[in-house]
Each structure stands twice: as C-alpha cells, then as structure tokens.
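Colleague: I am new to this one. Please show it to me, and then I will ask about it.

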Amino acid sequence: MPTESAGEPRRVHLTAEGPALIEGPVELVTDDGTVLRCDRFQVAVCLCRRSKIYPLCDTSHRRRRRTG
C-alpha cells in the first residue's frame, strides 16, 4: 500500500448526478463507526443514498428518471 506524505491532498471528484469519486486507497468511516478499507485506485462513494451497498455506489442513481 502506498504511503502518503502529509502535504499531498486526497483528490475527490464530485459528479453532477452520480457518486463522489475519490482517489484511493481510502478508509471510509460510517455513522456507526464501521471502517471500510478500499484499496482500489478510485472509489465511488454514494451521494444519493439509494445504494444497497451504501456508502459505496452501486449505480442505483442511474435508475432515477430526471424530471423537467
């Protein structure tokens, strides 16, 4: 696992209608204190809360129809 220097920020890409894409590896901490360790080079974090594997994205946001 690569080590990070204190001066390098983690990059997060916010998408218009999808997940937040975080350059990995990362550790995600949920409301109940559960720690998810993700070793992938990029991790998709759900922002719509429709994901069955929340806080990770399962593309559930794609099933929503846009109005207007």
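Modeller: What follows is a set of questions and answers on this structure, which is a predicted model.

Colleague: Which pattern does the chain follow along the sequence?
Modeller: The chain has 0 helices and 5 strands. Read along the sequence, the pattern is therefore made of strands alone under the run-based assignment. It is β-β-β-β-β.

Colleague: How many bridges pair strand 2 and strand 5?
Modeller: Strand 2 covers 20–23 and strand 5 covers 42–45. I22 stands opposite V43 in strand 5. The two strands run in the antiparallel sense, and the number of bridges between them is 4.

Colleague: What is the bridge partner of L14 in strand 2?
Modeller: L14 belongs to strand 1, which spans residues 12–14. Strand 1 and strand 2 form a hairpin with 5 residues between them, and they pair in the antiparallel sense over 3 bridges. In strand 2, the partner of L14 is A20.

Colleague: Which residues of strand 2 point to one face and are buried?
Modeller: In a regular strand the side chains alternate between the two faces of the sheet. Strand 2 shows this alternation: L21 and E23 point to one side and are not buried. The buried residues on the other face are A20 and I22.

Colleague: Which residues make up the largest nonpolar core?
Modeller: In soluble globular proteins, nonpolar side chains tend to be buried together. Here the largest nonpolar core has 7 residues, and strand 2, strand 3 and strand 5 each supply at least two of them. The members are A20, I22, V26, L28, C38, V43 and V45.

Colleague: In the hairpin of strand 3 and strand 4, which residue takes a positive phi?
Modeller: Strand 3 (residues 26–29) and strand 4 (residues 35–38) pair in the antiparallel sense over 4 bridges. Within that pairing, E27 has R37 as its bridge partner. The hairpin has 5 residues between the strands, and the residue with a positive phi near 90° is G33.

Colleague: Is V12 buried, partly exposed or exposed?
Modeller: V12 lies in strand 1, and with L14 and L47 it forms a nonpolar patch on the surface with about 310 Å² of accessible area together. The relative accessible area of V12 is 44%. Buried would need under 20% and exposed over 50%, so a value in between counts as partly exposed. V12 is therefore partly exposed.

Colleague: Is H61 buried or exposed?
Modeller: H61 sits in the segment after strand 5. H61 touches E17, G18, P19 and C48, leaving out residues up to four places away in sequence. Its relative accessible area is 16%, and because the cut-off for burial is under 20%, H61 is buried.

Colleague: And K52, is it buried or exposed?
Modeller: K52 is also placed in the segment after strand 5. Leaving out residues up to four places away in sequence, K52 touches D58 and S60. Its relative accessible area is 74%, and because the cut-off is over 50%, K52 is exposed.

Colleague: What percentage of the chain do buried residues make up?
Modeller: The accessible surface of the chain comes to about 5,700 Å², of which 49% belongs to carbon and sulfur atoms. The chain has 68 residues, and the buried share of them is 25%.

Notes:
Residues are numbered from 1 along each chain as its sequence is written. This is a predicted model: local features need pLDDT of at least 70, side-chain atom pairs count only at pLDDT 80 or more; totals for chains, interfaces and linings use all residues. Side-chain values use heavy atoms; hydrogens and water are left out. Patches are made of residues with over 30% relative accessible area and no salt bridge: like charges are joined within 9 Å, nonpolar side chains (Val, Leu, Ile, Met, Phe, Trp, Tyr) within 5 Å. Accessible areas come from the Shrake-Rupley method with a 1.4 Å probe; for residues, only the protein chains shown count as cover. A salt bridge is a side-chain nitrogen of Lys or Arg within 4 Å of a carboxyl oxygen of Asp or Glu. Buried means under 20% relative accessible area, exposed over 50%, partly exposed in between (1.4 Å probe, protein chains only). Two strands pair if DSSP finds at least two bridges between them. A nonpolar core is a set of buried Ala, Val, Leu, Ile, Met, Phe, Trp, Tyr and Cys residues joined through side-chain atoms within 4.5 Å. Contact means heavy atoms within 4.5 Å.
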